Amino acid sequence: MKPFLGFLLVIVLEGKTAECAEGVVVKLVNGSSPCAGRVEVHHDRHWGTVDGYSYDYGYVRTWDMKAAAVVCKEVGCGAPRSASVGAQFGKGSGYIITYNVRCRGNESALSECHSVAWDHYFRSRSNDAGVTCSDPLQKIALSLKPDSRVLLRGQTADISCTGRCPGRKFSFFRGDELIGSGTAPERSNTAAVTLPVIGAGKYWCECAERPAGRAVALTASEPVGISVRDPLVKPTMSLKPDARVFLKGEVAAISCSGNYPGSKFSLHRDREFIESQEAPADSGTAAFTPTAVSPGKYWCQYTALLGGQEFTSPESERQAISTRDPLQKPSVSLRPDTRAFAKGEGADIKCSGNYPGSRFDLYRDGDLITSQAAPARIGAATFALAEIAAGKYWCTYTKRLGGRAFTSPESERVGIAVWDALEKPTISLMPDTRSVARGEGTAIVCSGNYPGGNFSLYRDGEFIASQPAREDNNTATFTTRSEEVGAGTYWCTYTKRIGGREFASPESERVGSSEDESWTRTHIAGLALGIATTVAITLFVLGFFMYRREVKVRVAPQSVPTAEAERTYTDMSLRNWNGSGDGATADRFYAATSTV
């Protein structure tokens, strides 16, 4: 049997011709129409005819309607009307190519039928075979809905066949397998079949024509190759950072992934389209340009172009995103409100933010000192430092929102300086004694460890005086006048302004001072002056009386008793001292009375 030869249908002027890849050609010639005539074939560069008889086992006719059906199909005509022998369409010229042809009727080409070997035979041409076919049928067209050559696994498809076969039966095939059939309505040329699940393969259909009393002739469509691919899976969406709560103005990277590289992804928020992005040719993931996140439900889907058809994936799961106010830069405050501290001094550092219940961290020169959680309803934490050290302090705070920890910016730096503490001042007296004579002045000296301090002096809890020390001296001297010094307990303190803050020292030791009543030079001099004055007055009085006594002797005595005379003189003397008389009269009177 000849090897299978595929034929290409070609219409020629004298009739229908079929040609295969090996150069074998079948044509109908000398007929009244293109679909009727003597059957001629081309073999080995020569045209020849087909003898319709067999001579191997007697003189037997083998050319029949089955052979005519094969030829009609091969030349592109309709169903066979007749199969003739006896050179009904005239004798051919040239060789007889083959004889004893026996066809089943379903071959695609005459060369596929059983016959003697094709060659160049010299026989009578009185038995040349011929055929009469119906006019060429309209080419059957197979169509699919959806109109694609690539379908997704599990997808349903409708397959239709259309041709000039009204009211006739159409059969549908995948390869050699009959997968369904349908009858076209009487006034329709189309029959369709729905395939619930379509598989990969070559699909084709044919229409059966049944002339009365004749064998069935078939006309088939061109095969349509269909490939089946995996369906587009539901995409997954991811966010970076992986969170559902974002701060207002915060930027996030959103990516969507599917199962087909090079797909085109689209991003949506609620019902609003945001943007689209193509995945790289070797990747099934598209990354959307980071943008500021807005609240809403985000989702994505993608499309892939397969076999010229665009397939769309299901929508991804919705990702609900909320936004919150950003964590503000915290503020730092100190109590006492100063930037200068003495060594060993404690301080409270307070950090405040805009989210209650946050966790605050306190740093000094880049090192974490301590952490503390603020109360649930308070946006501040207070760090109680028993002893503050020099350095630059700042704080930050973190807050968990929607399972995500947010960290604030760093606060402003607060520079802290630490100085030596003001030591207890020393107090001394000049002269160096604890006993001061009443009325005597003294100097009280107070000394500290910072020059330029302002010293204050106290006695028995009462402020007495203040005295600033020179800027290059750490000592103040209190000079008191004699009337200011009194018995009591003395002490002093001093203050110093450092870094805008005034520091006060402890109180000095107490110094007791008492008034001594012993005689001093002043006392002795005063006493001597008093004694001398008293002696002088006494001597004056004595001298005066002696002088008076001498005057009495010189005056003539009068006859007056002595006692009376003395009394009279005294009275007169007193009047004289009081300005009521003069001395001469008195003397005279005294003398007169003395002589009585």
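**View 1. Ile531 and a nonpolar surface patch in the predicted model.** Ile531 is partly exposed, at a relative accessible area of 47%. Its place is in helix 2, residues 521–554. Ile531 joins Leu527, Val535, Leu539 and Leu542 in a nonpolar surface patch of about 470 Å². An α-helix has 3.6 residues a turn, so residues three or four places apart point the same way.

**View 2. Helix 1, its cap and its exit.** Helix 1 spans residues 65–74 and is mostly covered. Seven of its 10 residues are buried. They are Ala67, Ala68, Ala69, Val70, Val71, Cys72 and Glu74. Asp64 caps the N-terminal end. One of its side-chain oxygens sits 3.2 Å from the backbone nitrogen of Lys66. Just after the helix comes Gly76, with a positive phi of about 85°.

**View 3. The largest nonpolar core.** This core holds 26 residues. Which of them touch the most other members? They are Val39, Val50, Trp63, Val71, Leu110 and Val131. Strand 3 (25–29), strand 4 (36–43), helix 1 and strand 10 (130–133) each give two or more residues to the core. Helix 1 supplies the largest share, five residues. Val71 appears in both views: it is among the buried residues of helix 1 and among the core members with the most contacts to other members.

**View 4. Cis peptide bonds at Pro146 and Pro241.** Most residues other than glycine have a negative phi, and most peptide bonds are trans. The bond from Lys145 to Pro146 is cis, with omega near 10°. Pro146 is in the loop between strand 11 (141–145) and strand 12 (150–152). The bond from Lys240 to Pro241 is also cis, with omega near 5°. Pro241 lies in the loop between strand 20 (236–240) and strand 21 (245–247).

**View 5. Positive phi at Asn100.** Phi of Asn100 is near 55°, a positive value in a residue other than glycine. Asn100 belongs to the loop between strand 9 (95–98) and strand 10. Is Asn100 buried or exposed? Its relative accessibility is 6%, so Asn100 counts as buried, the cut-off being under 20%.

**View 6. Positive phi at Asp460.** Asp460 is another residue other than glycine with a positive phi, near 55°. It is found in the loop between strand 41 (454–459) and strand 42 (462–468).

Definitions and conventions
Residues are numbered from 1 along each chain as its sequence is written. This is a predicted model: local features need pLDDT of at least 70, side-chain atom pairs count only at pLDDT 80 or more; totals for chains, interfaces and linings use all residues. Side-chain values use heavy atoms; hydrogens and water are left out. Buried means under 20% relative accessible area, exposed over 50%, partly exposed in between (1.4 Å probe, protein chains only). Helices (H or I, at least four residues) and strands (E, at least two) are DSSP runs, numbered from the N terminus. A polar contact is a pair of N or O atoms within 3.5 Å; within protein, one must be able to donate a hydrogen and the other to accept it, and residues adjacent in sequence count only if both atoms are side-chain atoms. A nonpolar core is a set of buried Ala, Val, Leu, Ile, Met, Phe, Trp, Tyr and Cys residues joined through side-chain atoms within 4.5 Å. Patches are made of residues with over 30% relative accessible area and no salt bridge: like charges are joined within 9 Å, nonpolar side chains (Val, Leu, Ile, Met, Phe, Trp, Tyr) within 5 Å. Accessible areas come from the Shrake-Rupley method with a 1.4 Å probe; for residues, only the protein chains shown count as cover. A salt bridge is a side-chain nitrogen of Lys or Arg within 4 Å of a carboxyl oxygen of Asp or Glu.
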